[in-house]
Amino acid sequence: MPEVKHKSCQINAPVSLVTGAGGFLGSHLVDRLLLEGHRVIGLDNLCTGSLENLDNALSFKNNFNYIQTDIVESFKIPDLKYDFVWHLASPASPVDYRRLSIETMLANSIGTKNMLDIALKHSAKFLLASTSEAYGDPQVHPQPETYWGNVNSLGERACYDESKRFAEALTCEYCRRYCLDTRIIRIFNTYGPRMQINDGRVVPNFICQALRGESLTVYGDGAQTRSFVYVADEVEGLLRAMLSGNTRGEVINIGNPEEYTILEFAKIIARLCGIELNVVYKPLPPDDPAKRCPDINKARVLLGWEPAVSLELGLAATIDSFAHELIM
Ligand SMILES: NC(=O)c1ccc[n+]([C@@H]2O[C@H](COP(=O)([O-])OP(=O)(O)OC[C@H]3O[C@@H](n4cnc5c(N)ncnc54)[C@H](O)[C@@H]3O)[C@@H](O)[C@H]2O)c1
């Protein structure tokens with residue numbers, strides 16, 4: 001991400017309300033909005049985020065307010081006219097949403113309703129950060145937005161997958177019934193600095209193991225595929241989706257269609273960390289999707305968006321930041 005330079009807010013600066021502001025993606029979005037001259041109000045209960053992620057934003061004393069609150073409960077926000085509501089608050093990694101299963105369902109149901117109501121009150125544009133997990137273990141490949149998905153509603157991942165699907169349905173109803181200006185972004189695996197080091201996802205797992213000179217843990221035989229988008233690209237996609245005039249009521253995939261097997265990915269990380277690859281195989285977790293890859297034609301056409309940062313460059317920046325964190 002570009003370093004954020006201080007820029008005072010103009011009197012008529014757009015006002016953005018961001019939930020999950022202390023999280024990985026939310027904090028990068030906040031930095032970018034400040035860079036664009038927005039006045040930003042960030043909400044978070046820090047159940048998976050951290051205040052350190054907002055170090056940079058908090059130095060924008062006049063343009064950024066942080067409010068520690070649970071968006072599922074009743075809460076107060078500064079008395080401003082909000083132009084944009086960005087709803088990102090939800091645990092997002094399998095480790096977090098298993099630990100916080102019911103909290104995840106509430107953030108995506110009651111939390112989403114609370115944020116939609118604020119958007120409605122202010123006639124603000126609303127963006128829901130949904131997920132590729134809405135496709136479950138997909139039987140269509142790559143996944144276009146028109147695919148309805150293959151989700152186990154009773155499985156261990158359902159607290160996340162199904163509550164995001166509920167959030168999508170609720171968002172669509174606010175758009176239909178109240179003509180609220182909404183868009184739903186299905187985010188695919190995003191990586192970069194500020195990811196939690198121990199959240200169990202493949203990027204931090206592999207990088208930390210490689211930096212410690214340990215064997216890399218591969219679940220299953222490593223033939224399952226994933227695609228990875230760098231956080232600056234993801235934020236650019238979110239920004240375009242919110243600001244473009246042609247996204248009202250739309251659902252759009254934002255991810256990287258370049259696909260790697262987990263084993264290929266392990267080899268790349270080992271090479272970039274300068275270690276010889278040793279792998280330990282462990283059983284696949286339940287409902288782990290065999291393939292996950294976005295069809296991004298809609299993002300290309302509607303937003304003129306596609307990923308710009310190569311995997312090697314993005315990983316190099318991420319490895320750097322993790323190395324720094326491991327030393328601290
Ligand atoms: N990172 C990815 O690869 C990815 C992929 C798909 C979807 N997403 C979606 O993007 C959003 C952000 O994901 P992330 O990777 O930054 O996760 P994250 O865990 O780093 O950030 C989520 C933030 O939401 C906050 N939060 C959770 N419940 C809350 C509540 N009830 N009230 C207030 N704050 C709450 C957490 O404390 C955290 O700071 C999530 O909605 C997630 O589902 C992310």
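In this predicted model, Leu315 touches Tyr191, Val203, Ile207, Phe265, Ile268, Ile269 and Leu272, with residues up to four places away in sequence left out of the count. Leu315 belongs to the largest nonpolar core, a set of 58 residues. Together with Val30, Phe64 and Trp86, Leu315 touches the most other members of that core. Helix α8, spanning residues 231–243, makes the greatest contribution to this core. Seven of the core residues come from helix α8. Another core lies apart from this one. That second core holds 23 residues, including Leu43, Tyr174, Leu180 and Val251. In soluble globular proteins, nonpolar side chains tend to be buried together.

A polar residue was examined next. Asp31 sits in helix α1, which covers residues 24–35. The relative accessibility of Asp31 is 5%, and the cut-off for burial is under 20%, so Asp31 counts as buried. The side chain of Asp31 is joined to the side chain of Arg194 by a polar contact of 2.8 Å.

The surface offers a contrasting case in Thr146, which is exposed. Thr146 lies in the loop that runs between strand β5 (125–131) and helix α6 (158–178). Its relative accessible area is 66%, and exposure requires over 50%, so Thr146 is classed as exposed. Thr146 and Val251 are 105 residues apart along the chain, and their C-alpha atoms are separated by 9.0 Å. Val251 is among the members of the 23-residue core.

Note on methods. Residues are numbered from 1 along each chain as its sequence is written. This is a predicted model: local features need pLDDT of at least 70, side-chain atom pairs count only at pLDDT 80 or more; totals for chains, interfaces and linings use all residues. Side-chain values use heavy atoms; hydrogens and water are left out. A nonpolar core is a set of buried Ala, Val, Leu, Ile, Met, Phe, Trp, Tyr and Cys residues joined through side-chain atoms within 4.5 Å. Buried means under 20% relative accessible area, exposed over 50%, partly exposed in between (1.4 Å probe, protein chains only). Helices (H or I, at least four residues) and strands (E, at least two) are DSSP runs, numbered from the N terminus. Contact means heavy atoms within 4.5 Å. A polar contact is a pair of N or O atoms within 3.5 Å; within protein, one must be able to donate a hydrogen and the other to accept it, and residues adjacent in sequence count only if both atoms are side-chain atoms.
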